[in-house]
Amino acid sequence: MTAPLRVVVLGAGTVGREVVRALLERGDALRPADGAALELAGVTVRDLAKAVAGGIPEALLSDAPAHLVADPDVDVVVELMGGDEPARTLIAAALGAGKPVVTANKHVLAHHGAELEAIARRTGAALRFEAAVGGGIPVLTSLAADLASNEIERVRGIVNGTTNYILSAMASEGRAYADVLADAQRAGYAEADPSADVEGLDAVNKLVILARLAFGAWLDPAEIPNRNGGDPPGITGVTQADLAAAGESGLAIKLIAEAARGEAGAGDTIQAGVSSVALSQWSELAWIGGVTNCIEFDAVPLGRVGFTGPGAGGPATASAVLGDLLAIARGGGSTWAGLPEAGSGRVATLARKDSFDAPSGARYPVLP
Ligand code: NAP
Ligand code: HSE
């Protein structure tokens with residue numbers, strides 16, 4: 001019989017506490033028929049008293065994540081702290097020691113993905129990050145594995161739940177931006193600092209991760225615009241009046257992330273950008289409301305394929321984290337599956353998508 005895998009969870013906030021609860025309450029059900037059991041060996045937070053009050057057994061808790069990562073009795077590390085440091089160093093240390101890592105941290109992946117991929121490939125430790133894009137939607141594993149025989153020409157979608165929730169509530173219920181943002185924070189959709197959501201930087205991070213799997217290169221997030229031309233970033237310039245006027249013209253305003261290969265003959269460049277745009281109400285993306293995300297791939301020879309589902313929140317995101325843990329329990333590898341090492345194949349360079357095409361005089365670019 002295979003020995004159980006001893007798992008530590010770094011961070012027990014919106015996502016972490018759902019993962020911890022599932023491991024404690026549904027541990028038996030989470031054992032794959034063809035793999036190892038998962039045993040929760042520790043949980044790290046900053047505020048121990050808050051975690052105990054939240055129901056996490058004191059015996060499992062620690063405020064010393066580096067210590068647990070280095071513990072030879074720990075087999076798998078789940079990073080759900082968020083932010084840059086110390087998350088980056090802890091993930092690198094775990095992978096460097098040959099321990100598989102599951103993370104939902106799109107910031108760390110977008111900013112340090114190349115370094116972390118190199119460590120994982122060197123040591124053979126799996127790095128899995130399905131939860132980093134699309135919350136609970138199984139989009140990255142599908143892209144890297146099920147669509148692997150295709151050439152991806154374009155990735156486009158709604159990849160931030162908070163902003164879609166805000167725009168939907170403002171448009172359909174006439175609610176004020178600040179009120180709806182506060183709701184999104186209470187629901188656990190927004191980042192610890194919600195400016196990353198509303199300014200489009202969270203969507204940029206997710207686009208970098210999607211582009212890595214779709215086009216084979218880690219793009220520089222700092223080079224991906226989070227606005228159209230000189231407009232305010234993300235959704236920060238979208239007003240109630242804009243949404244009402246768009247609705248009267250048969251349009252819906254959405255925050256769209258897009259990365260596409262350049263025109264034929266333009267070389268292997270990727271045009272990437274994030275912007276508030278106006279979509280025809282007949283477009284599938286225009287109908288995506290609330291916290292739902294929708295990500296479309298233009299794949300050759302398959303054609304267009306889309307993935308839709310809950311894009312943020314504790315239970316949805318924990319679903320993806322636990323799916324990655326089960327994959328590791330079954331001996332699965334990294335989220336990039338059998339794709340070549342980043343930068344080793346048909347290498348893509350980044351071309352800024354400074355402007356989505358806007359009709360003259362229009363307040364927003366209009367996409368079909
Ligand atoms: P959160 O609610 O802010 O929880 C963060 C947890 O990490 C808390 O338990 C916190 O401890 C701990 N932590 C933070 N910084 C730490 C540090 N420097 N040292 C030790 N512990 C630290 O965050 P979350 O919403 O669960 O998000 C976690 C990760 O998942 C982030 O990378 C986020 O981008 C990603 N994600 C979130 C969602 C979502 O819908 N929320 C969806 C997809 C991906 P204390 O509470 O004690 O401070
Ligand atoms: N803050 C993110 C969002 C969480 O609203 O989409 C999911 O990645």
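Select L127 in this predicted model and display its contacts. Beyond its neighbours within four places in sequence, L127 is in contact with I91, L95, V101, T103, L109, L116, A120, S334, T335 and W336. L127 belongs to strand β6. Its relative accessibility is 1%, which is under the 20% cut-off, so L127 counts as buried. For a distance, pick the C-alpha atoms of L127 and L326: they are separated by 13 Å, and the two residues are 199 apart along the chain.

**The F129 and W336 rings**

Keep W336 selected, since it is one of the contacts of L127, and add F129. How many aromatic pairs does a search of the whole structure find? There are 3. F129 and W336 form a tilted aromatic pair, with 6.2 Å from centre to centre and 50° between the planes. F129 sits in the loop between β6 (127-128) and α6 (140-146), while W336 sits in the loop between α12 and β12 (349-352), so the pair ties together parts that are 207 residues apart in sequence. Are these two residues buried or exposed? Both F129 and W336 are buried.

**The F297 and F307 rings**

Move to F297 and F307. Their ring centres lie 5.9 Å apart and their planes meet at 70°, so this pair is edge-to-face. F297 is in strand β10 (residues 292-300) and F307 is in strand β11 (residues 303-310), 10 residues apart. F297 has a relative accessible area of 0% and is buried. F307, at 16% relative accessibility, also counts as buried.

**Two cis peptide bonds**

Stay at β10 and β11 and select P301, in the loop between these strands. The peptide bond from V300 to P301 is cis, with omega near 10°. Now go to P86, in the loop between β4 (76-79) and α4 (87-96). Here a cis peptide bond joins E85 and P86, and omega is about 10°. Most peptide bonds are trans, which is the reason for stopping at these two sites.

**A337**

Return to the loop between α12 and β12 and select A337. What is its phi? A337 has a positive phi of about 45°, although it is not a glycine. Most residues other than glycine have a negative phi. The relative accessible area of A337 is 39%, and the residue is partly exposed.

**Helix α1 and its cover**

Select residues 16-25, which make up helix α1. Which residues of α1 are buried? They are G16, E18, V19, V20, A22 and L23. To see what covers these buried residues, add other elements, including β1 (5-10), β2 (38-44) and α12 (314-329).

**T14**

Step back to T14, in the loop between β1 and α1. Leaving out neighbours within four places in sequence, T14 is in contact with G188, G313 and G314. Pick the C-alpha atoms of T14 and G314: these residues are 300 apart along the chain, yet the atoms are separated by 5.0 Å. T14 has a relative accessibility of 29% and counts as partly exposed.

**Q271**

Next, select Q271 in strand β9 (residues 269-280). Its relative accessible area is 34%, and Q271 is partly exposed. The C-alpha atoms of Q271 and L243 are separated by 27 Å, with the two positions 28 residues apart in numbering.

**The protein chain as a whole**

Zoom out and colour by secondary structure. The protein chain has 12 helices and 13 strands. Its radius of gyration is 20 Å, close to the 21 Å that the globule rule gives for 368 residues, so the chain is as compact as a globular protein of that length. Taken along the principal axes, the C-alpha atoms fill a box of roughly 65 × 50 × 35 Å.

Of the 368 residues, 55% count as buried. Among contacts between residues at least 6 apart in sequence, 73% join residues at least 24 apart.

Switch to a surface view to finish. The protein chain exposes about 15100 Å², and carbon and sulfur atoms supply 52% of that area. Then colour by charge: there are 28 positive and 43 negative side chains, and the centres of the two sets lie 1 Å apart.

How values were computed. Residues are numbered from 1 along each chain as its sequence is written. Chains are lettered from A and ligands numbered from 1 in the order in which they are written. This is a predicted model: local features need pLDDT of at least 70, side-chain atom pairs count only at pLDDT 80 or more; totals for chains, interfaces and linings use all residues. Side-chain values use heavy atoms; hydrogens and water are left out. Buried means under 20% relative accessible area, exposed over 50%, partly exposed in between (1.4 Å probe, protein chains only). Helices (H or I, at least four residues) and strands (E, at least two) are DSSP runs, numbered from the N terminus. Contact means heavy atoms within 4.5 Å. The radius of gyration is taken over C-alpha atoms; the globule rule is 2.2 Å times the number of residues to the power 0.38. Accessible areas come from the Shrake-Rupley method with a 1.4 Å probe; for residues, only the protein chains shown count as cover. Lys and Arg count as positive and Asp and Glu as negative; His and the chain ends are not counted. The place of a charge is taken as NZ of Lys, CZ of Arg, CG of Asp or CD of Glu. Rings of Phe, Tyr and Trp (its six-membered ring) pair if their centres lie within 6.5 Å; planes under 30 degrees apart count as stacked, over 60 as edge-to-face and the rest as tilted.
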